[in-house]
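Let's take a walk through a protein model together. Keep the viewer open and turn things around as we go.

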Amino acid sequence: MLVSYKWLQEFIDLEGVSAEELAEKITKSGIEVEGVDKLNEGLSGVVVGHVLECDKHPNAEKLNKTLVDLGNGETVQIICGAANVGKGQKVAVATVGAVLPGNFKIKKAKLRGEESHGMICSLQELGIEGKLAPKEFAEGIYNFTPDTEIGQDALAVLNRDDEILELGLTPNRADAMSMLGVAYEVGAILGKEIKLPNPQPETSAEQASDYISVNVEAKEDNPLYVAKVIKNVKVGPSPVWLQTRLMAAGIRPHNNIVDITNYILLEYGQPLHAFDYDKFGSKEILVRRANDGEVIETLDDVKRTLTPDHLVITNGTEPVALAGVMGGANSEVGNDTTTVLLESAYFTGGAIRKASKDHGLRSEASSRYEKGVDPERVRPAAERAAELMIELAGGEILGGVVEADSLDVKPAVVSTTIQKINKVLGTELEMNQVEEIFARLKFETTVDNDTITVTVPTRRGDITIEEDLVEEVGRLFGYDNLPTTLPVGPSTPGHLSDYQEKRRIVRRFMEGAGLYQAVTYSLTSAEKATQYALEQREPVQLAMPMSEDRSLLRLSIVPQLLEVLKYNIARQNDSVAVYETGAVFLKNGEDELPEEREHLAAAITGLWESHPWQGEKKPVDFFVLKGIVEGLSAKLGLDSQLGFQKAELDGLHPGRTAEILLNGTVIGFIGQVHPTMQKALDLKETYVFELSLKALLEAETAPLQYTAIPRFPSITRDIALVVEKDTAAGNLKRVITEAGGTLLKEVQVFDLYEGEKMEPGKKSIAFSLKYFDPEKTLTDEDIAKAHNKVLKALEEQAGAVLRG
Amino acid sequence: MQDRLKELQAEALEKVAAAADLKELNDVRVSYLGKKGPITEVLKGMGKLSAEERPKMGALANEVRDAISGQIEIKQKELEEAAVQKQLAAEQIDVTLPGRPVKTGSHHPLTSIIEEIEDLFIGMGYTVEEGPEVEKDYYNFEALNLPKGHPARDMQDSFYITEETLMRTHTSPVQARTMEKHQGKGPVKIICPGKVYRRDNDDATHSHQFMQIEGLVVDENVRMSDLKGTLEVFAKKMFGEDREIRLRPSFFPFTEPSVEMDISCKICGGSGCSVCKGTGWIEILGAGMVHPNVLEMAGYDSKKYTGFAFGMGPERIAMLKYGVDDIRHFYTNDVRFLKQFSIEE
Ligand SMILES: [Zn+2]
């Protein structure tokens, strides 16, 4: 809502309160003022001039040479490019020295050899948007009415010496979608009385009921419909004060009749519609739901097909307006209109919202109906409009009342207590302070001991319950004046859950290991949704996605991280290591929520470590990433529960991929991105893993327990084994561990040789075995016994022989 | 004999002085002071001396030995020192060369903001609650006083999956779920961070996916002044002790009264600038007293219980705090962007 500071002063005395100050006060007590627009900011030196002569420029086809009387005794020659300039017009002249928007300074100039002392202005040149300028002046200069006095400040005539407050209205404050509503609000804030219009137009002896009748079929959608007939009107442009008020509020002037309906919409918040009575086509207004497939051509010349969801005004047979949204082209008021049929109606929000949404039509009228208008303003608004029509377009109002009224709206009566108010706000208000606040709001109250009962006017449909009253008190008392306290209830221990605590440990570990945390989108494309999924299910799909790329919920994080890598590589960030923790979504039944499982994923590419001047460059490889997973499981006390087994998975290098197991159950994968995929994404060698963080963090771990530091020396035996090339080190280690018995405390791979010195198909792998006994120093025999068992098991179970 | 000793001393001292390294010095020691050395030889002739002269000569011989070994010792120290110096000279490095980089990653800036807020509220007795990102219409809207057809549903156009399920548009459903779990009993003191989704085209200021963090306190005597005090603690911790806060009336269907909180603009100190659009204030969050319908729907007696709730956007906070100018940076994960947040504040 755009509120003119000047117009507002018709309803309330703003002496001593500047527009800026008013904006600040309104913002602090209820409605955010998003800006204050000074209409004449950066504008000066524009006067009303009279075009005395207008001829073609001798040297330029498209220019005119005019002689303009500036009203101050000065008559100047001005070259004007506008096609619509003409002799006898009253125009806005930017005189030499004037400043126009954009700091455009007017200077004396010579145009094609002719002097020009100023510029004749269009409304756009004076800072009015083209789409708001009256159609006849939208393409050229503006003309004042012939009776406009010359020499005066044109900006004042155009009401540019005004300031506009832009109200950012929340849906509950529909009451402030009118000047009267804003006046009530400002009155409450400033504690001042307000002056309301009091229309009492005279009517003729002729009865409107002889011209029209109203019949409402859809009573629920339209509980009140008031019709008026105004005869013998003369349609023409509105006076400049009316046009400028509309333009300042963002509405384009059309003609006096239409402008008046819009003016009343702004003043009362009550949408009105004017039909050309002679084009209406009958003497009966019938309001009903549209028939399926019925068509109406609206004022914007668009043919619209309707359904029974939409409410229409008809002449008994065919629709003449899409109720509350837009009128029909067939009954539009034009210059030849002489009799006006004026509609002022109360439509409920539902049907209007539906029609407005279905037809993509958001009008000043529909937005007000959607949020709710004040039923008590339907009749006064019609009276006020009729009165203005007589005043500005001549004619006479026919007598009598024509309306259909099934309205059942009573003001809400809400009670609260002083204790409740103080309990909710944390204040120590007295009842008389509360009474005073409601008096400022012009709400009637009665007080009975500690209880106050408030009769809420229908214009404030947002107030229905006790808490709403508390809010009115709070906001007008001023939140600045509230005490500052902290909750005093029983103390509660604040903490993270075990899961949340561990998740933070995981993040810290990953970051300490050198990975950056990424946050990517959950919504993805059909292709990526299922790629690298740990568990293949049909992905969850949005009913109405905004794009193909964001239409389904991800089943895995890796594709998103690969996208991150690709984005970085394309920007010369060649070495990238990122991880993410986040949900993947596993579909359940229809209308059931999907299972959201938190995953941990990582992707690395480029150099892992580099120290250029020492000549060190270590590219990423499988074991870099595996080391991170192992380190993480050790950090969580799960290293003995975690395992890896060779696997072949879609999108991963078949020779460099493993499944990650937790106590034998697959919880993730790790591997090199398949070279084909790497190529498609423009990636160099890239390694990824993804695992179920949920599984990892919910695994049982043994409580941390101290074990004695050995007092006796340990003994190490190194063995180099020759085995088949495809023998897994992990398998050998298992054999050793199982055979080594209790004395064997540690087994580590310390060498791997697959070079040419080996027999074809063989490799050498060396282990270091550490034996110790916490109770005594081991003898050679003790060790030999255990060690021989190991060697025997290796030979029998893995075909491994000691390398000679 | 005496002369011979003096002669030997002079000769030995000369050689000590001339020794170029520890080995040469050691040779001198062995050749003069050893058992087969010349001094021992000389002393073998002591038998020929008179009883009177013998002790004198013995003393002289010791003097000569002491003199030589003393010098050797001094020389040895010198040579050792020289050797150390030589080694040190050979071991010079250029200390201005860069060190070996330690591999580090870092938190995403949104995580930093969220954890900072979590920790602040944990310190005030809150727990951290999370909930599903795909929600039931009931928890996302209805339980929050937004029945079907409510005009305020327009305010947050949403991604529906089916009629009854959608991508949550705020983290408030976690509040509804948590209250329901408490079965009408207090106190509830929670903070709920998480991802939320709205039908917005991604641009510099909009993102179809973003973070939200909300707080909720429900108990028998929760007042709006408690909300004000809590938000003040929050604002000063997050944005600096010298920030002022202001509560402005607003509207949310799930709170009544509803407010928005502004903080005084750090850039201009309140006089107005482009960041605060000339107002001197910057909008940070929405809050209010929990609407009685919300309490009742979750099983609380709204005559007995009151509560406050607040919600804010970590992206907005990060953008204000760090001066990030485009919300998309948070989701493209350019490492040049992420790296900037590895500093612990
Ligand atoms: Zn500022």
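What follows is a tour of a few spots in chain A and then in chain B.

One thing before we start: this is a predicted model. We'll begin in chain A with strand β14, residues 213-216. Look at how its side chains take turns: A:Val214 and A:Val216 point to one face and are buried, while A:Ser213 and A:Asn215 point to the other face and are not buried. β14(A) also has a partner, strand β17 of chain A (residues 284-289), and the two pair in the parallel sense over four bridges. To find one of the spots where they meet, go to A:Ser213, whose bridge partner in β17(A) is A:Glu284. In general, strands of a sheet pair through backbone hydrogen bonds, either parallel or antiparallel.

Next up is a pair of helices. Two packed helices are described by the angle between their axes and the distance between the axes. Find helix α8 (residues 349-358) and helix α9 (residues 364-371) of chain A: their axes come within 8 Å and cross at roughly 140°. Because of that angle, α8(A) counts as oblique to α9(A). The crossing of the two, α8(A) and α9(A), is left-handed. Which residues make the contact? From α8(A) they are A:Gly349, A:Ile352, A:Arg353 and A:Ser356, and from α9(A) they are A:Ser366, A:Tyr369 and A:Glu370.

Now slide along to a small piece of sheet architecture. Chain A has an open sheet of three strands in the order β26-β28-β27, with antiparallel pairing. Its edge strands are β26 (412-417) and β27 (444-448), and each pairs on one side only. From one strand to the next, the twist averages 20°. Zoom in on β27(A) and strand β28 of chain A (residues 451-456): they run antiparallel and are joined by five bridges. Here A:Thr446 stands opposite A:Thr453 in β28(A). Lying across β27 and β28 of chain A is helix α12 (residues 431-440), which runs at about 0° to β28(A).

Two more helices of chain A are worth a visit. Is helix α11 (residues 418-425) mostly covered or mostly uncovered? Mostly covered: six of its eight residues are buried. Among them are A:Ile418, A:Ile421, A:Val424 and A:Leu425, and A:Lys420 and A:Asn422 are on the list too. Right after α11(A) comes A:Gly426, which has a positive phi, near 80°. Over in helix α13 (residues 466-477) of chain A sits A:Glu472. This glutamate counts as buried because its relative accessible area is 2%, and the cut-off for buried is under 20%. Setting aside neighbours within four places in sequence, A:Glu472 is in contact with A:Ile437, A:Phe438, A:Leu441, A:Arg460 and A:Ile463.

Time to switch to chain B. Its domain assignment gives domain 1 (2-90) and domain 2 (109-341), and the C-alpha centres of these two domains lie 91 Å apart. Chain B also has an open sheet of seven strands, with mixed pairing and the order β1-β4-β5-β9-β8-β7-β6. At the edges stand β1 (127-128) and β6 (245-252), each with a single partner strand, so one side of each is left without a neighbour in the sheet.

Inside that order, pick out β5 (residues 209-219) and β9 (residues 306-312) of chain B, which pair in the antiparallel sense over seven bridges. B:Ile213 has B:Met312 as its bridge partner in β9(B). Finally, look for helix α7 of chain B (residues 172-181), which lies across β4 (188-197), β5 and β9 and runs at about 35° to β5(B).

Terms used
Residues numbered from 1 in each chain as written. Chains lettered and ligands numbered in written order. Predicted model: local features only at pLDDT ≥ 70, side-chain atom pairs only at ≥ 80, totals over all residues. Heavy atoms only, no water. Buried < 20%, exposed > 50% of the residue type's maximum accessible area, 1.4 Å probe, protein only. Pairing = 2+ DSSP bridges. Domains from an automatic or database assignment. Axes fitted to C-alpha atoms, helices over the stretch in contact; angles between N-to-C directions. Parallel < 35°, antiparallel > 145°, perpendicular 65-115°, else oblique. Left-handed = near helix turned anticlockwise from the far one by under 90°. Contact = heavy atoms within 4.5 Å.
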